[in-house]
Amino acid sequence: MSQQKLNVRVFKTEGLSVNSKQIYDDPFQSSYGDDIVQPPYNLKELKAIGEYSTIIQQCIDAYKTNIVGFGFQPEYVFDVNDETLSVEEKKAAEEEWIRLEEFIRYLNYDEEAETILGYALEDREKMGNGYIEVLRDSLNRPAGIEYVDGQYMRIGARTVPEEVEYFITENGEKKQIKRWRTFRKFVQMINGKKVYFKEYGDPRIMNLANGKFDENTPENLRATEIIHFKIGSGTYGVPRWIGHIVHLYGARKAEELNYLYFKQGRHVPAVITVENGMLSEDSYTAIQEYMNGIEGVENAHKFLLLEAEGIEQEGLSMGDEKITPVKVEIKPLAEILQQDALFLEYDQKSRDKIRSAFRLPPLYTGESQDYNKATADTARKVTEEQVFQPERNNIVGKLNTLFLPDLNIFNVRLALKGPNFGDPLETANALTPFINAGAAVPNDLRDLLGHLLGKELETLPDEYNVPFPVVLNSLQQQQSNPLALLTKSKAMPGQNELINILKDLRDVLEEIRS
């Protein structure tokens, strides 16, 4: 008994890969060792992750906008209106305010300081590391900042301890101290050329060409300083979303699969079965060409014609020839494929996971369909309290610690402004009971009034800064005793004021007469 043979051929499309063919080469590969520390991840790939993901860039933009987007402002470290302060102390604080304002304004001549810091913050959220270069003036004070692309930067090992001078305040008095501190080197490589930098605050002179500390280095070859913003306590920072990187790549593959599905949308996966026969070689070739040419709108209505050859039956007498009837059947396999809805759910879960790594509600990434005013305000306030305000404090805390002593500023500090969640109308309604009770004076409310009017208002003199019930009570007493206006007028200099008081007295007398 002859044994039947079953032949199977698999047909698939060719040349449809959308995977990247880039080779992420690390130019520092031969330089790692005791002098330069190797980063834990490929920084170049992390730098481009915003172009690969459908959610990370939105999260980073939300961070950048809400942390540094509202701008810098100086603020006093004490109550400058305190009556116990001397005139000299107030004047010194005001002078430091002006100097700090000018320092912020001219940190970079091409961009705002917030823009440069935003670039470094974006690098920090993508790669875990962000850098700014600090330039000093002829008096060795910090005078400018420049953005440094983090993908080209590497961190060196710590150097030997160095004794550094610091200024602190003790019992309100400025005091100079010394302490030992180790610093790091930084190196940048672009197109095979290395440039060395030193950590901000390192008092030694470094040669930018070779990274060596040399007091005889010419002025034009002296290394500038770097401030390193990172996530975590390691030598290099680690992106906060790195634990979700597998899910991120999975979502990308789902997007690519959906892209191919729509690119070849008319193709239905199927099994072609031939009963009592076999496909001819021409049919095999036709099927392969059909598979290779199924994509594109112009091929949306092609038909496939299959030719099969029957098998000659055995056991017949000489001269008799009988061919079995051939049956060709195409069975679609679409029902066993994953539905598009599963990919959409996977993508949504990926977006939720990565957003949770940034601790952001959907409102900040443009997904606010399910929010109303109450839930939106709550989400904004919680995120401001738990995410953005602590991040602002970390950034300006580092800048204040590094910059202000070098600028000889101790009464004023840098601050990053945040959003104002208050509704002026609701605030006014809440203040009404306090105003009626005499617990508020006009100067307490001038800032709120200026916010409503869209301009800054000066404080009122002391004689006008009186609670409203006191003023109302005084007016009532004057109306009951018109001669009190004349008595009051003796204490008021100027003829115009006297004329106005007499007019008011006339109006009061007319009202009494009527």
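What percentage of the 514 residues of the protein chain count as buried?

1. The model is predicted. In the protein chain, 32% of the 514 residues count as buried, which sets the background for the individual residues below.

2. The secondary structure of the protein chain consists of 14 helices and 15 strands. When contacts between residues at least 6 apart in sequence are taken, 67% of them join residues at least 24 apart.

3. The protein chain has an accessible surface of about 33000 Å². Carbon and sulfur atoms account for 52% of that surface. Two patches on the surface follow, one negative and one nonpolar.

4. The negative patch is made up of D79, D82, E83, D462 and E463. One of its members, E83, lies in the loop that runs between β2 (72-76) and α4 (87-105). E83 counts as exposed because its relative accessibility is 77%, and exposed here means over 50%.

5. The nonpolar patch consists of I272, V326, V328 and I330. Together these residues have about 270 Å² of accessible area. Among them, I272 sits in strand β11, which spans residues 270-275.

6. Is I272 partly exposed or buried? I272 has a relative accessible area of 31%, so the residue is partly exposed. The buried class ends at 20% and the exposed class begins over 50%. E83 of the negative patch, with 77% relative accessibility, counts as exposed.

Key. Residues numbered from 1 in each chain as written. Predicted model: local features only at pLDDT ≥ 70, side-chain atom pairs only at ≥ 80, totals over all residues. Heavy atoms only, no water. Helix = DSSP H or I, 4+ residues; strand = E, 2+ residues; numbered from the N terminus. Buried < 20%, exposed > 50% of the residue type's maximum accessible area, 1.4 Å probe, protein only. Contact = heavy atoms within 4.5 Å. Areas by Shrake-Rupley, 256 points an atom, 1.4 Å probe, with all protein chains shown as cover. Patch = residues over 30% accessible without salt bridge, like charges linked within 9 Å, V, L, I, M, F, W, Y side chains within 5 Å. Salt bridge = Lys/Arg side-chain N within 4 Å of Asp/Glu carboxyl O. Lys, Arg positive; Asp, Glu negative; His and termini not counted. Charge placed at Lys NZ, Arg CZ, Asp CG, Glu CD.
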